[in-house]
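This briefing concerns a protein chain and the ligand placed with it. Please view the sequence and the structure below before turning to the points that follow.

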Amino acid sequence: MTDLAKLESETLAAIAAADTLDALETVRIAALGKQGSVSALLKTLGAMSPEERQEKGPLINGLREAVSSAISQKKAALEAALLNARLATERLDMSLPAPETPQGSVHPVSQVMDELAEIFADMGFAVATGPEIEDDWHNFTALNIPETHPARAMHDTFYFPDGKLLRTHTSPVQIRTMMNEEPPIRIIAPGRVYRSDSDATHTPMFHQIEGLVIDKGIHLGHLKWTLETFLKGFFERDDVVLRLRPSYFPFTEPSVEVDVGYSEINGKRVIGGSEKWMEVLGSGMVHPRVIANCGLDPEIWQGFAFGTGVDRLAMLKYGMDDLRAFFDGDLRWLRHYGFSALDVPTLSGGVGA
Ligand code: PHE
């Protein structure tokens, strides 16, 4: 066997034996690299006589071709094998049952907001939203709370250095809706609100839902019917009794605070009847000045508004007693009080899911 034939068969054997891309690269460098055995042979061509070169040239070049094509074939084969191995490990059996854990849950606040949206949608209310960073005018002035008004101090407002503030209630959404939409208006506005206050029943951030109706000929009777229908639907009881008490809010006239009757059974509050009373809502007829502030004529348009705490409604309905736990993100609490993502509240199925 000539030296060339021997080198060829040895190199091809080494290529065949290489079982990783790294090993193959080592073989390639040993043959075709700068100091490689085949490269060394190619370099000898320059020093040859023309006759010798004519004889050896094709042989040496043939050797180089054979080696480099064997290397690229082997490389393709190794890469294909690698890809197949990876695909095999990444295979997903779509017919396997879903794992039992981890499983998320719907927070009671989100659940209650969904329930409220469902109840009010049935009465023809749309959902409206507004910014949590508000200006003084929307949060106070337009709602008939001028700068010197004591109600501003009552709100424990968080202010930004530029004079903006974190909204203290969802009532500014009343203003934004009246400014941007033509009456008749029927909206609810659920969302986060902020007050500098913290104990077992107050957190600096909490949730409210606002309701607003603006139309012609609206009176207190419409307000009472709406709240009754809402609370009966929400607590899923027909024996919900409301008590309307005269009250004061700068943006409603007259203003009405709404109590709901309950009884205490085994230390828990159970809604229904009229044994004891608990305040659940602030409401009233929208003050004509507020309607005028939004560019509407209060001689033509009247309406009512109400606002209530979503977290408190959730506590009442689902029996939690510490508001702070709502925002701790404790998984055990969330598993216990959370709702299945697939239990979408519907009126026909009972909004409590
Ligand atoms: N914005 C009032 C509050 O936060 C509630 C309210 C809303 C009262 C609408 C009347 C009408 O206490």
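**Ligand site and chain layout**

Strand E10 supplies the largest share of the shell around the ligand, namely three residues. The model is predicted. Its protein chain is divided into two parts, domain 1 (2-89) and domain 2 (108-337).

**Where the ligand sits**

- The ligand takes up the space of the largest pocket.
- Three elements each give two or more residues to the shell around the ligand: strand E5 (205-215), strand E9 (276-286) and strand E10 (302-309).
- There are 14 residues around the ligand, and those that come nearest are His169, Ser171, Arg195, Gln208 and Glu210.
- Sorted by class, this shell holds eight polar residues, four nonpolar residues and two charged residues.

**Polar contacts with the ligand**

- His169 places a polar side-chain atom 3.0 Å from a nitrogen atom of the ligand.
- Ser171 likewise has a polar side-chain atom by a ligand nitrogen atom, with a separation of 2.9 Å.
- In the case of Arg195, the partner is an oxygen atom of the ligand, which lies 3.0 Å from a polar side-chain atom of this residue.
- On its own the ligand has 330 Å² of accessible area, and the protein covers 90% of that area.

**Domain arrangement**

- The centres of domain 1 and domain 2, taken over C-alpha atoms, are separated by 81 Å.
- Domain 1 spans residues 2-89, while domain 2 spans residues 108-337.

**Backbone features to note**

- A cis peptide bond runs from Pro183 to Pro184, and its omega is near 5°.
- Pro184 belongs to the loop that lies between helix H8 (172-180) and strand E4 (185-194).
- The peptide bond from Glu253 to Pro254 is also cis, with an omega near -5°.
- Pro254 is located in strand E7, which covers residues 252-265.
- Asn144 is not a glycine, yet its phi is positive, at about 70°.
- The position of Asn144 is in the loop between helix H6 (136-139) and helix H7 (150-154).

Note on methods. Residues numbered from 1 in each chain as written. Predicted model: local features only at pLDDT ≥ 70, side-chain atom pairs only at ≥ 80, totals over all residues. Heavy atoms only, no water. Domains from an automatic or database assignment. Near = heavy atom within 4 Å. Polar contact = N/O pair within 3.5 Å; in protein donor to acceptor, adjacent residues only side chain to side chain. Areas by Shrake-Rupley, 256 points an atom, 1.4 Å probe, with all protein chains shown as cover. 1 Å grid on protein atoms, 1.4 Å probe; cavity = no way out; pocket = protein on both sides within 12 Å on 5 of 7 lines; lining within 4 Å. Sits in = over half its atoms within 2 Å of the grid points. Helix = DSSP H or I, 4+ residues; strand = E, 2+ residues; numbered from the N terminus. Nonpolar A, V, L, I, M, F, W, Y, C, P; charged D, E, K, R; others polar.
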